[in-house]
Amino acid sequence: MLLGKYINKYYLKYIIYLIIGIVSLVVVDYWGLLIPEYLGEIIDLFNEEKALEFSMISNIIGNLLWIAVLSFFGRIIWRYTIFHASTKIEASLRHEMFLKSERLSQKYYHENKVGTVMAWFSTDLETIEEYLGWGTIMIVDAVFLSILSMYKMIKMDIFLSIITILPMIIVVILGAWVEKEMGERWEHRQRQYDHLYDFSQENFSGIRVIKAFVKEIQEIKVFKKIAKDNQDANLKFVKVTILFDILITLIVSIVMALLVGVGGYFVYRNSLVTSSNTASPKNSIRSLFCNLSIFCSLQKELWRIAC
């Protein structure tokens with residue numbers, strides 16, 4: 001979690017929102033892990049030799065509907081409370097920074113570029129808000145769902161668990177590569193953003209001089225080049241994120257296919273007792289690997305904040 005003397009006081013100020021949001025998120029995550037178990041029970045009912053009664057299925061379907069309704073309202077609660085707190089913290093930090101900027105001397109603004117100061121008020125604060133909002137959600141999901149998913153998987157079949165855990169090495173390697181690449185490209189993007197702000201501010205300040213010497217067309221051409229560099233820097237930054245998401249999705253899909261194949265073979269050889277055992281771990285593994293990507297996404301957020 002992002003800590004520091006300038007931000008800790010805001011955690012205390014909005015502690016109620018954060019507690020309610022985190023508790024709601026954990027409860028919703030737990031309910032989500034119950035769904036595969038109910039689906040497995042439905043499949044088991046069709047495999048039993050005795051006659052199937054509608055009341056048996058209706059009870060399970062009723063539980064699933066209750067989970068869906070409660071999860072719907074639970075998601076509303078954690079989205080409102082966590083994002084409300086992160087937005088309020090961002091606004092409070094921006095207000096505090098603005099009051100501080102009014103007290104700074106002219107020497108400070110001569111030594112620091114206007115573009116850099118503007119970047120602090122815009123992109124840097126937006127990154128902090130994103131970390132406090134989605135970052136908090138990622139931390140809770142990663143810790144809670146990963147531990148519970150691992151427990152469910154190992155409890156069911158340790159061999160299948162090993163098969164699905166081994167690709168974690170690939171995810172860790174990808175995370176390390178993305179950490180380095182995202183850090184470099186984020187810094188490059190910030191430099192281009194600062195340059196764009198500086199050039200715009202200088203042109204607005206010296207607009208009379210530019211008009212007096214009829215330099216409008218030249219300045220427009222220079223501005224187009226700077227804007228294009230800024231656009232390219234942002235596109236390169238986004239491309240790394242998209243490439244990482246594609247690779248994670250590919251790894252998850254391969255592991256799921258491997259799980260279905262090996263798990264199906266075990267069921268065929270009667271190594272697994274019931275189909276509920278295959279239904280539940282499949283969704284547990286999906287939760288696990290989704291949260292592995294959450295860990296790596298959180299790693300990117302931490303790197304961006306560190307920059």
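# Briefing: helices, cores and salt bridges

D232 has a relative accessible area of 26% and is partly exposed. The model that contains D232 is a predicted one. Its secondary structure consists of ten helices and zero strands. Of the 307 residues in the protein, 39% are buried.

**Overall make-up**

- Followed along the sequence, the pattern of the protein is α-α-α-α-α-α-α-α-α-α.
- Taking the contacts between residues at least 6 apart in sequence, 86% are between residues at least 24 apart.
- The exposed area of the protein is about 18,500 Å², and 67% of that area comes from carbon and sulfur atoms.

**Nonpolar cores**

- The largest nonpolar core has eleven residues: I7, Y10, Y11, Y14, L18, A85, I89, L93, L125, Y131 and L132.
- At least two residues of this core come from each of helix 1 (8–13), helix 3 (54–103) and helix 5 (114–156).
- Another core, of ten residues, lies apart from the largest one, and its members include M182, W186, I248 and V255.
- L125, a member of the largest core, is in contact with E90, L93, R94, M97 and W120 once neighbours within four places in sequence are set aside.
- One of these contacts of L125 is with L93, and both L125 and L93 belong to the largest core.

**L18 in helix 2**

- L18 belongs to the largest nonpolar core and is found in helix 2.
- The relative accessible area of L18 is 12%, so L18 is buried, the limit for that class being under 20%.
- Beyond residues up to four places away in sequence, L18 touches Y11 and A85; Y11 and A85 are also listed in the largest core.
- The C-alpha atoms of L18 and W78 are 8.5 Å apart in space, while the two residues are 60 residues apart in sequence.

**S71 in helix 3**

- S71 is located in helix 3.
- With 12% relative accessibility, S71 counts as buried.
- The residues that S71 touches are V28 and W31, leaving out those up to four places away in sequence.

**Nonpolar surface patch**

- I15, I16, I19, I20, V23, V27 and I77 form a nonpolar surface patch of about 560 Å².
- Helix 2 (residues 15–47) is the biggest contributor to the patch, giving six residues.
- V27, one of the patch residues, lies in helix 2.
- The relative accessibility of V27 is 31%, so V27 counts as partly exposed; patch residues need over 30%.

**Salt bridges**

- Four salt bridges are found in a search of the whole structure. Among them are K9 with E96, K225 with D229 and K228 with D232.
- In the pair K9 and E96, the side chains meet at 3.3 Å, N to O. K9 is in helix 1 and E96 is in helix 3, so this salt bridge ties together parts that are 87 residues apart in sequence.
- K9 counts as partly exposed at 42% relative accessibility, and E96 is also partly exposed, at 26%.
- In the pair D229 and K225, the closest N and O atoms are 3.3 Å apart. D229 and K225 are four residues apart in helix 9 (residues 216–268), so about one helical turn separates them.
- D229 is partly exposed at 27% relative accessibility, whereas K225 is exposed, with a relative accessible area of 56%.
- In the pair K228 and D232, the side chains meet at 3.0 Å, N to O. K228 and D232 are again four residues apart in helix 9, which puts about one helical turn between them.
- K228 has a relative accessible area of 42% and is partly exposed. Its partner in the salt bridge, D232, is the partly exposed residue named at the start, at 26%.

Conventions. Residues numbered from 1 in each chain as written. Predicted model: local features only at pLDDT ≥ 70, side-chain atom pairs only at ≥ 80, totals over all residues. Heavy atoms only, no water. Core = buried A, V, L, I, M, F, W, Y, C linked by side-chain atoms within 4.5 Å. Buried < 20%, exposed > 50% of the residue type's maximum accessible area, 1.4 Å probe, protein only. Contact = heavy atoms within 4.5 Å. Areas by Shrake-Rupley, 256 points an atom, 1.4 Å probe, with all protein chains shown as cover. Patch = residues over 30% accessible without salt bridge, like charges linked within 9 Å, V, L, I, M, F, W, Y side chains within 5 Å.
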